[in-house]
Amino acid sequence: MAIRYVGVRHHSPACARLVQHLIRELKPAYVLIEGPADMNERIDELLLTHELPVAIFTYHQDEARHHASWSPFCDYSPEWVAIREGAKSGAEVRFIDLPAWHETFAGVRNRYSDGERRTSIAVDRLCERFGVDGMDALWDHLFEEEMDAPVLEERLGVYFEGLRGDIDGGDRDGPREAFMAKCVAYYARQASKRDVVVLTGGYHKPALERLVPEETGDALPELPVPDQSVRRGSFLVPYSFRRLDSFVGYESGMPSPQYYQSVWEDGLTRAPEALLEVAVTRLRKKNVPISAADLIAARTMAEGLARMRGHRCLSRVDLLDGIAAALVKEAQDAPLPWTRRGPMRHGTDPILVEVVAALSGERRGKLHADTPRPPLIHDVESELAQHGLATVEAQRKVDIDLTDAAGLSKSRVLHRLAVLRIPGFKRTRGPDWATDPVLEERWELAPVFEQESAIIEASAYGATLASAAGACLEEAAARAEGDLAALTNVLGAATFIGMDSLGNRVLSTLHALAGRESDLSRLGNALHRLLALYRHDTLLGSARSEALGIVVEAAYERGLWLVEGISGGAAPADDGVLGAVAALRDALRFAGRPRGLNGDRARSVMTRRSIDGDAPPALRGAALGFSWSMGSFASTEDAEAHAVRALRRASQPDQLGDWLAGLFALAREEVLYGEEHEEDLEEETEKRDCSLLSVLDTTIAEMAQHDYLVALPSLRLAFGYFPPREKERLARRILRFHGKTRTSPMLLTRLPVDASTLAAAHVLEQNADKREAKYGLGPEPTKEVS
């Protein structure tokens, strides 16, 4: 009996051929594979006639950790070949690694990772020694060549021994290798006099060769058993070449899966020629002119590079370098994509993008019809069929009336799918928040390949669509702990999917957060959205909710406390702070009576802040606007008088615009309309002296040129609070102040050029006047006549 250790690189055709050769030659009793041991009772699922690529998807979810990982297989994966060939030869096929949900895999998205971080120093030295760019080119140069199986096996052994060296397994690989060693020792003992083939990533092979002889093999190691409260499971899912390709960020494997698929199917000699034709065809479909001469040049260049590099057959990098040399005519702003791992960088030549895509391929896996599927798949199919939402072969649009009970139920199904990020269901129109004045939604439904695998992966959250969407939002709420804005968004999503119990739990958390939030802007944004739900959400059922009202109260009290503490006499206007003051005003206006909010305290706070020199100008203006819009003054004239005095205190060029921004944000209508009506405009000239707008007009008109240019940017922002119709009314009032009753207000509201150009022209004129004065070129001063 002999144990034959085979160290491989995952998704390597050369390694897959070696595994195939050894199993056929040795006909072992056991084929032991680095893979999740908890899947051993379900090996038969992998032996069904799937269309590859497929993957084992594993999830683990508890209060401390939510983990998901994939173990992908394609036709040329050594592990897949070992499963199929082992079963065909009569061997018992077993996985010998810890389950993917085990804590040693925390943070590992793909089990079959190259582990480059562990071996980067050794790989860099080898790349320098052989004059190649990166691990992929090094691997092809050393192994993806025509050679006899014994030569390849020996070369792999030397390579992986050198990579591993004396590196300890550590907290991550150590427990896995100890578990695998115990499994190997046990099965070797069971094999009697027959051989055992052990297939693992090459990094683990040296460690197992050292560890296995130390084991007795008396018993299999016990699989770890998680707590009963843990949700976990594993299912086969369809996969795709795109998800497998390292050019889109997959860390485990060989890039350009279509190229290596061709190598597996057609051999090293025919694959480059076939993929060159595929790449050229793709480019021509994109209207890139590729002549016969270009094709010959690419082939000639690739063959020349292969000979120079000592390759018997064209390698993938030879082919790509040849194509780039022949077809790319301009200097490149980014390195060639195949000289590094990971997604392509911005600036990569479009021709190279298409060539890489051609070698990546578009193959998509398909599971056999008898493959077990999680309950969520069946529940989603049932919900879609029940609501007439089942996807068909072509894209279609679905319009939903949210005022109709059936429509609302249909909307909730689609929103639950959206929460779970299931592709193929896209909302293109509808309310962003439950209180938006939009009563219809439009969704686009389309068949998407990734849909089935996404639903299977979402089964980590629950067995039904409703429970899975709720659990997903629960997780989002847990991640948002301490983030008032994020939790408010979770609450909004909960209203759309119809999860009242979740909404109440989120509201309880929001109540606690609102009472200790330190940022007024964040608090104000949350209060604005929560107040909207409290006032208007009769459609989705949150209006006048007691739990929601309690949160509004807490946010209101905290907001007033935060307003008291803001200082910074010269700080510019902050839209978030102004929005928060407006939210406090609206809370008092619309929820003050039913929730018993303390209006007297709010008025006192705002009165103090409106005259506080330590408060930023915008906050002083907003505080005055709060009082004015809440009717805190005895009359309109009294309000105007307070506003005029405050305006004069804030008339400095660096404060005026910010003060106005605060005032307009809270009391725009009061400033513009007061108690007047359109017919009263004829009396404007008589009220000029006491009107806030007239004093403002005079203040701006009397500014020196430099002061005006300083004030202009913030003035523009302040008047931006007025919508077009109100700007026109404002312009008419200003024109009447100057006796120009027949002049069109368009003259003031629509400039022939933008304001920044006009300001720049003022600066230019001012500089020109200074130059003229300096050199005595200005107009001569007028002589007084005695």
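**Exercise 1.** In which sense do strand 3 and strand 4 pair, and over how many bridges?

*Solution.* Before starting, keep in mind that this is a predicted model.
- Step 1: Find strand 3 at residues 54–61.
- Step 2: Follow its pairing with strand 4, which is antiparallel and covers eight bridges.
- Step 3: To check one bridge yourself, start at A55, whose partner in strand 4 is P72.

**Exercise 2.** Describe the sheet that holds these strands, and find which strands stand at its edges.

*Solution.*
- Step 1: The sheet is open and has three strands in the order 4-3-7, with antiparallel pairing.
- Step 2: Strand 4 (66–73) and strand 7 (231–238) each have a single partner strand, so each has one side without a neighbour in the sheet and stands at an edge.
- Step 3: On average, neighbouring strands here are turned by 15° against each other, direction ignored.
- Step 4: Now add helix 17 (residues 450–458), which packs on this sheet and touches strand 3, strand 4 and strand 7. The direction of helix 17 makes about 170° with that of strand 7.

**Exercise 3.** Work out the order of the open sheet of four strands, and see what packs on it.

*Solution.*
- Step 1: The order is 1-6-2-5, and the pairing is parallel.
- Step 2: At the edges are strand 1 (3–8) and strand 5 (92–97); each has a single partner strand, so one side of each lacks a neighbour in the sheet.
- Step 3: The average turn between neighbouring strands of this sheet is 25°, direction ignored.
- Step 4: Look at strand 2 (residues 30–36) and strand 6 (residues 196–201), which run parallel and are joined by four bridges. Within strand 6, V198 is the bridge partner of L32.
- Step 5: Helix 1 (residues 13–26) packs on the sheet, where it touches strand 1, strand 2 and strand 6. Helix 3 (residues 78–88) packs on the sheet too, touching strand 1, strand 2, strand 5 and strand 6.

**Exercise 4.** How is the aromatic pair of Y30 and Y187 arranged?

*Solution.*
- Step 1: The structure holds 15 aromatic pairs, and Y30 with Y187 is one of them.
- Step 2: The ring centres are 5.0 Å apart and the planes make 40°, which is a tilted arrangement.
- Step 3: Place the two residues: Y30 is in strand 2 and Y187 in helix 7 (residues 170–190), 157 residues apart, linking distant parts of the chain.

**Exercise 5.** Which helix gives the largest share of the lining of the second largest pocket?

*Solution.*
- Step 1: This pocket holds about 520 Å³ of space.
- Step 2: Its lining has 23 residues, and E63, E474, E475, A477 and A478 are the closest to the centre.
- Step 3: Helix 18 (465–479) and helix 20 (500–514) are the elements giving two or more residues. Helix 18 provides the largest share, six residues.
- Step 4: By type, the lining divides into eight nonpolar, five polar and 10 charged residues.

Key. Residues numbered from 1 in each chain as written. Predicted model: local features only at pLDDT ≥ 70, side-chain atom pairs only at ≥ 80, totals over all residues. Heavy atoms only, no water. 1 Å grid on protein atoms, 1.4 Å probe; cavity = no way out; pocket = protein on both sides within 12 Å on 5 of 7 lines; lining within 4 Å. Points joined across faces, edges and corners; volume = space filled by probe spheres on them. Nonpolar A, V, L, I, M, F, W, Y, C, P; charged D, E, K, R; others polar. Pairing = 2+ DSSP bridges. Axes fitted to C-alpha atoms, helices over the stretch in contact; angles between N-to-C directions. Contact = heavy atoms within 4.5 Å. Phe/Tyr/Trp six-rings, centres within 6.5 Å; stacked < 30°, edge-to-face > 60°.
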